[in-house]
Each structure stands twice: as C-alpha cells, then as structure tokens.
Amino acid sequence: MLSDARQRMYRAEDYVNVSDDLVHYLDYPAETLAVSIPLRCDDGSLKQLKAWRCRYNSALGPTKGGIRFHPSVCLEEVQTLAFLMTMKCSLMGLPFGGAKGGVHVDTKELSALEKERLTRGYVRAFARQLGPDRDIPAPDVATGEREMAWMVSEYAELSGAISPAAFTGKPVVLGGAKGRTQATGRGALIALQQVRGSLDLPDDGLDIALQGFGNAGSWFARAAVKAGHRIVAASDSRGMVRHDDGLDIEAIANLKANGGSVTDLRQDGAETAAADQLITTDCDVLALAALGDVVTDENAGTLACKAILEIANMPVAPSADEPLRQAGIEVVPDILANGGGVVVSHAEWVQNRQGLGWPEDRVHDYLEDRMKAAASEVTTLMRERDIDMRTAAYGAAMIRLCNAISSKGTSEDFRNG
Ligand code: NAD
C-alpha cells in the first residue's frame, strides 16, 4: 500500500523542480510506534489489542491525523494514511505534518464502557508522542466527538494540564469548531467547483453519482444540490438508488438518521440496485465517499462518468491511474477533494490556542479560502506542466514540503560549505 501510494509522489517528481535527495527524505515515515493495549472487558476477561501511531513527516509543523478503530487496521495502512496526510496538509498550506493512528479492533463487539477504556488506553500508550506542538489526533473511522472528549480528559490526567489544542474534532462545548461535521463534504464541493474549468464537464448543473451516504457524502450531497447539481444516484453498504431527475437528499438523510438505507427511499420514479452497480452508473461526476480501492485496473474500463471526485481516502487504487488517464477520466484527488476536514481541524487548533470560539461563518470562510487557494495552485500547475490533476496536486504538495526541508540545507549547500 505505502509503496503504491509513493509511486504517485515519484511520478510528480518528474514534473516539478525538487531535488532527489529531498524526495527520498519522504520515502519512509519518521517515527512509527507499535504497542499492544490491554483492555479489561466487562465480563472480566482481558484483550490485548494491536495499535499504532505513525508520524510520517514534521517538516511543516506538528503532525496531524485521525485515529481509526477497525478490524482491517494494520501497520502499513496507518503508514500509508500518514503519508497521505503529509501530502494533504502541505497542499492545503497548513503548518502541519502528517500522521495517522489506529487500533485493530471491531468496535461493534465493544460496550460503551469498553470503548472508553480502550480510548483512554490509546492515549496512555502514545502519550509521549502526542501534544499540541507535536502530534494532534482527530477522529476517523469509528471514532468521533465522544472519543475525542475522552482523549482530552485522559491527556489532562496524564499531563496535569487541560490542553484542548492537543486533539481536534471535539464537541463544540469542549472547544470543537462549529461546522467541522460539514467541512469535508462542503470542502469537496468547493474543490469541485474550483477545478471545474479543468474538467471536461457540461456548463450547467452536473449529474452526480455518490458512493457512501455517511458524514462526508451526505454533507457533500446537500451542498451540491444547493449549488444546483443533481445527485442522480446514491449508495450505501446495503444498495443503491437512482433517479434521473435527482434524488430527494433530505428524505435520504432522514432515512439514514433513523437507521435506514438509501434503498428505503420512496420517491416516484426512483429505482434501486445492488451497491456495486453505483460506479458503473451513467453520470458526469462519480463522487466516491465510502471506502478505499473501489476503482482498480480491473474495473476502470467499466466506468460511465466524465470525472471522479475522491472524497474518501484512496478510493482509486494506484493501479487504476493509467487506465483512467487513457480513458480521459480526470480524478480530483483525495489530498485536494477531502482536505476540508483537516482545514477546519486547523481552524479548531487555532481557536483553542487563541482561547476563542469562532462563529460558523468565519470557519466556513476560512475553509472556502483554503480550498480555493489549494485548488488554484493545482490547476495552475496542471496548465503550466501539462499534467493530470493528481500529479499536479502531489507536485504542489512536494514543492512546499521540499522548500521546508531544504531551508535547513541541501546536499549542495553542505558540499559548497
Ligand atoms: P461514514 O462512516 O460516516 O460513512 C461511510 C459511508 O459509506 C456509509 O454510508 C456506509 O454505508 C457507506 N459504505 C460502506 N460500504 C459501502 C459500499 N460497499 N458501497 C457503498 N457505500 C458503502 O464515514 P465518513 O466520515 O463519511 O468518511 C467516508 C470516507 O471519507 C472515509 O474513507 C474517510 O476516511 C474519508 N474522509 C472523511 C473525512 C471526514 O471528515 N468525515 C475527512 C477526510 C476523509
């Protein structure tokens, strides 16, 4: 996984003027800690859970990245996602490096008290790596505001100081940013609108097929419909629904909030199908907001879209990059499209350090400014170097990272005294 992800960096290296030794600096993570966390279960039994935290690179500042609780979490996934965070924070122009954490666990098997003990155990295990000026976790799969509140509390017990800026994605009452929940979905739409001129898309409202109607997907759908686009198809793990005139997004959001599926929608003319049909459905933009590795070299030829928006992390496998280029399907890459989440995490960290809470409008303006600036950098590089959008996004991220690394001296500086 990590070596596949790095191939995208090596491809970009060919088009931007950064020196080889700086790129090799980014080959491997700076620090990865692996532990086992003892979890005392409610029935008295003891589980030992494998857990990791990787700080990939801190050239631009303290490292930043979510903590994931999932049975598929492994060392390589944590390192790969920390690499992506490094590229994303750089592209977004944030003073953060990249990190990621995870625990190999199925939280569906844990009670709330067991989950609290595990979350506090994670902070105890990695306390030396964490801190507002060193490594700042956030929520990810199966972790949310409640886990972040437990983390802040455990960190305060250990450090003897209450330090809200050590974690982001907290409840607003504990210093969380207003608008954080909506940020990734809203940011994805801002990115899409901003790069639209570089995509081969119709001028009016777009037909969008959306995989995944969770946090990021649902807020993207709302923002897209508000901006005049149609969500013509949507899926979740249980199936997909399609309506050529556009789906009723609020009705789907209500169904999902009450434990239902997108396939429960009762809208005249809407048709349901299996979840895996979503990626081959006819649309202008295929927005992927569920899982990684959805589009591969094996199915890239079956897509019926003009462009892909990567709201999830790595939903297009590196093996699909070349087939998609040949098919003329441009990809708005994850490090740009889902960067809104970490942008608003940065806004939260700044507010905590200021001891202030910004109004939601100010958070949203900050999100909009950062997304537009990053998207413009990418499209400018695309035009100047005649390259695809992913390569341009990696190129822009590497230029900023390599400038930070080289400011401490390059091989040439040291050779020349
Ligand atoms: P979520 O758990 O809220 O939603 C995931 C959705 O995907 C659910 O609706 C689920 O039913 C659906 N899903 C699962 N398997 C599916 C399948 N086979 N077909 C169709 N749908 C399926 O998660 P989220 O927070 O919305 O995150 C989604 C993705 O975006 C993840 O990859 C996450 O890492 C990435 N991401 C999220 C954020 C954020 O702020 N939420 C930020 C950056 C990246």
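**The ligand shell and strand 5**

Good morning. The residues of the shell around the ligand, that is, those with a heavy atom within 4 Å of it, comprise seven nonpolar, nine polar and five charged ones. In this division Ala, Val, Leu, Ile, Met, Phe, Trp, Tyr, Cys and Pro count as nonpolar, Asp, Glu, Lys and Arg as charged, and the others, Gly among them, as polar.

The model is predicted, with pLDDT of at least 70 needed for local features and 80 or more for side-chain atom pairs, while totals for chains, interfaces and linings use all residues. Residues are numbered from 1 along each chain as its sequence is written, and side-chain values use heavy atoms, without hydrogens and water.

Which residues are the closest to the ligand? They are Thr 184, Gly 214, Asn 215, Ala 216 and Asp 236, out of 21 that surround the ligand.

Let us turn to polar contacts, here pairs of N or O atoms within 3.5 Å. Arg 180 places a polar side-chain atom 3.3 Å from a ligand oxygen, and a side-chain N or O atom of Asn 313 is also 3.3 Å from an oxygen atom of the ligand. For Arg 68, the distance from a polar side-chain atom to a ligand oxygen is 3.4 Å.

Finally, consider strand 5, residues 135-139; strands here are DSSP runs of E with at least two residues. Four of its five residues are buried, meaning under 20% relative accessible area with a 1.4 Å probe, protein chains only. Strand 5 pairs with strand 3 (residues 63-70) in the parallel sense over five bridges, where pairing requires at least two DSSP bridges. Gly 65 stands opposite Pro 137 of strand 5. Thank you.

How values were computed. Polar contact = N/O pair within 3.5 Å; in protein donor to acceptor, adjacent residues only side chain to side chain. Buried < 20%, exposed > 50% of the residue type's maximum accessible area, 1.4 Å probe, protein only.
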